[in-house]
Structure formats: C-alpha cells, structure tokens
Number of protein chains: 2
Amino acid sequence: MQFSFRMPVAVQVLLCIAKFDGVFKTTSTFLASSVNVNPVIIRKTLGQLKAAGLVEVAAGVGGAKLVKEPCDITLKEIFGAVEDDEDLFHIQEHPNPQCPVGRNIHKVLGDKLSVIKNHMLEDFANITLEDLLEDIHNAEQSR
Amino acid sequence: MQFSFRMPVAVQVLLCIAKFDGVFKTTSTFLASSVNVNPVIIRKTLGQLKAAGLVEVAAGVGGAKLVKEPCDITLKEIFGAVEDDEDLFHIQEHPNPQCPVGRNIHKVLGDKLSVIKNHMLEDFANITLEDLLEDIHNAEQSR
DNA sequence: ACTCATTGTAAGTAATGGTATTACAATGAG
DNA sequence: CTCATTGTAATACCATTACTTACAATGAGT
C-alpha cells in the first residue's frame, strides 16, 4: 500500500521546468519523455500545479514555467496540489456503536493518526525544490 | 489516496482482545461484529498478527489473546504486521536515463522520502496499545 | 471416539482507483 | 490563417481491496 505516482511525477515535472528553463520549451510531450508517462498525465498534473499557483502554462503556444522561485516551493505545496486532503488511513466508517471500542475507535485512533499526518506534512514543508535541484546537480557532478 | 483498512482494523481487533479478555471469547465472529467487517477479514488479520508474534489464536476452540502487554505493543509493530515494507511513494521506475532529472530522480527524491517514512514509523513506535486503551476509557467516562 | 463451534485457507466476485490511450475542441503566437 | 499545443472528456485496462461462499482441519468438551 502506497501513495500513487502523482506526487513524484509532479516533483519531476517541476524539476524539469526549473532545470530546462530557457533551454528547451517544456511542453507536455517533452516533460512526458523525461518522466516516461503519457503526455495527458503531465497535462493533468500541470493543471493541478497551475491551480495551486506553482506554475503557469502557455495554452496554445505551449510550455510551462515556475511562478515562484525553487527555494520557495516546498514538497508540502506540491503534495497538497496533487493529492486530496484526506486522512492518511481509512478507518472503518460504521463500527459497532454498541461496542465500547467500536464507538470510540474513530476519534481515538483518528486523533493520533492526524497528528502523524501533520508531522509528515511538516517534513514535506522542510524540503524545497531547490534542495532537490542541488542534489541532482551534485549527483551529476560525481558521475 | 490513502492506506487501506488493514492497520485500523488490526488496531481495533487488538483493542477488543485486550478490552474483553476474560469477559467474552474473542472469536473472529465476535471481533467482526465490533469492526463491522466480514469474519474472514478478521481471521486474515489475526493470522498476520500471530505471525508477528503479537497474539496467539486458539484454533479449534476459538478465541485470541495478546502475547505481550498492551504497553509493549506499538503501532509500529502493528503497522509492520499488516503492511508490506515498501516505499511510501511510488516513483516511476523507468524515467528517461538521458534526462539529468530522470536519471537522478529515484535516488534524490527516494532518499528524502525514505527519511520521512522513517519519521512516520518513529511516530508509530511512540504510540502503544495501552495509550489507546486509556483514551477509550476516558472517552467512555465522559459520556 | 464423537460432536460442534471455530479457525485457516482457497476461490471467485464486485467495486474501486490509478494509469494509459484516443479523440477533439479551444488556444494563441507567428 | 496556420499549426503545434493545451485542456478535457471518454474509454479501456489493470491491480488492489474488500466481500462472500465453501470446506477441510482443529481441538476442547462430552
């Protein structure tokens, strides 16, 4: 059980846009060939990133660019842009209300798990696109 | 996108076993009526918890009991018992190796995300079954 | 030894969600 | 006006989850 492609795809898309800004026109087809998924997936992702105010996309002429600096874009924003804001875990909605465990499980476990989800989001908030660009740069240097 | 029922179900099963120890025989049918899922799901879950050394199940006569004290059972163990040990996120396996982003994304993003997953597991390790039993007890008191 | 509720497990079904793909109208710079 | 590209809908395919039925194996109680 794990999260879908969406967030990693969005991250890679943004990294490519940042990396190739001014060098190549970053169309959905171009980005799709880096990620190796269908261009429609990229367009959908770009739409979500645009709605979140992270990129602007040139309809018609094509290409996307960042609205904010890489140091001002965090994984938390990216995650929020492409994933629904729902609980991390799926707790059975209709437990037995006659059972003392059943009638409290949602509140008790839900509380704990939402704290943990917030921790995860905080971790995401501490990672910026610039961090990743640097890591990639370093990885390229040591080839 | 979220994790499946499995972990919350396992938690509820363990809580019921602890709560009703010596009062009711905790058969799969009994547990299933608290969680409100099919008894077969409970048996499968109990099998995983047994394999993880958290419970023992009386085949034939029926019923389950804890092998360890509630204060010694953490969410991390429960999570590990019912979920595969895989990455939190699914990073595209075949990005374009000709792209500097594509050929490094797995390492760069994977590293960051595995740190975050470990944080999550640490959070899980700090929550015991006893904590949850207490929370339920308190919730019941204030009804 | 027999009984019987229960576990362990397999097999099949249904529902859900993610990804891929095709198709096409709308866009907008040149 | 042209044309590559975006935005979006519709569809298909596949994997996973959860549900359900079925039945042999188990083991305490009689």
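**Notebook: two DNA strands and a helix pair**

I began with a base: an oxygen on a base of DNA strand D sits 3.4 Å from a polar backbone atom of Gly60(B). Note to self: this is a predicted model.

**Strand D**

Next I looked up which residues come nearest to DNA strand D. There are 25 residues around the strand, and the nearest are Ser28(A), Lys50(A), Phe5(B), Ala59(B) and Gly60(B). Of the strand D atoms that come within 4 Å of the protein, 62% belong to sugar and phosphate.

I checked Lys50(A) in detail. One of its polar side-chain atoms is 2.8 Å from a phosphate oxygen of DNA strand D. Then I turned to Gly60(A), where a backbone N or O atom is 3.4 Å from a base nitrogen of DNA strand D.

Which helices supply at least two residues each of the surface near DNA strand D? I found helix H3 (39-51) of chain A and helix H3 (39-51) of chain B. I also sorted that surface by class and got 12 nonpolar, eight polar and five charged residues.

**Strand C**

On to the other strand. I get 24 residues around DNA strand C, with Phe5(A), Gly60(A), Ser28(B), Arg43(B) and Lys50(B) coming nearest. Sugar and phosphate make up 60% of the strand C atoms that come within 4 Å of the protein.

Three contacts went into my notes here. Phe5(A) has a backbone N or O atom 2.8 Å from a phosphate oxygen of DNA strand C. Arg43(B) has a side-chain N or O atom 3.0 Å from a base oxygen of DNA strand C. Gly60(B) turns up again, with a polar backbone atom 3.5 Å from a base nitrogen of DNA strand C.

The elements giving two or more residues to the surface near DNA strand C are H3 of chain A and H3 of chain B. By class I noted 11 nonpolar, eight polar and five charged residues for this surface.

**A helix pair in chain B**

Last, I left the DNA and looked at how two helices of chain B cross. The axes of H1 (residues 6-19) and H6 (residues 129-141), both of chain B, come within 10 Å and cross at roughly 70°. That angle is why I wrote down H1(B) as roughly perpendicular to H6(B).

What meets what in this pair? From H1(B) I listed Val11(B), Leu14(B), Leu15(B), Ala18(B) and Lys19(B), and these meet Leu129(B), Leu132(B), Leu133(B) and Ile136(B) of H6(B). I sorted the contact too: eight nonpolar residues, no polar ones and one charged.

Technical notes. Residues numbered from 1 in each chain as written. Chains lettered and ligands numbered in written order. Predicted model: local features only at pLDDT ≥ 70, side-chain atom pairs only at ≥ 80, totals over all residues. Heavy atoms only, no water. Near = heavy atom within 4 Å. Polar contact = N/O pair within 3.5 Å; in protein donor to acceptor, adjacent residues only side chain to side chain. Helix = DSSP H or I, 4+ residues; strand = E, 2+ residues; numbered from the N terminus. Nonpolar A, V, L, I, M, F, W, Y, C, P; charged D, E, K, R; others polar. Axes fitted to C-alpha atoms, helices over the stretch in contact; angles between N-to-C directions. Parallel < 35°, antiparallel > 145°, perpendicular 65-115°, else oblique. Contact = heavy atoms within 4.5 Å.
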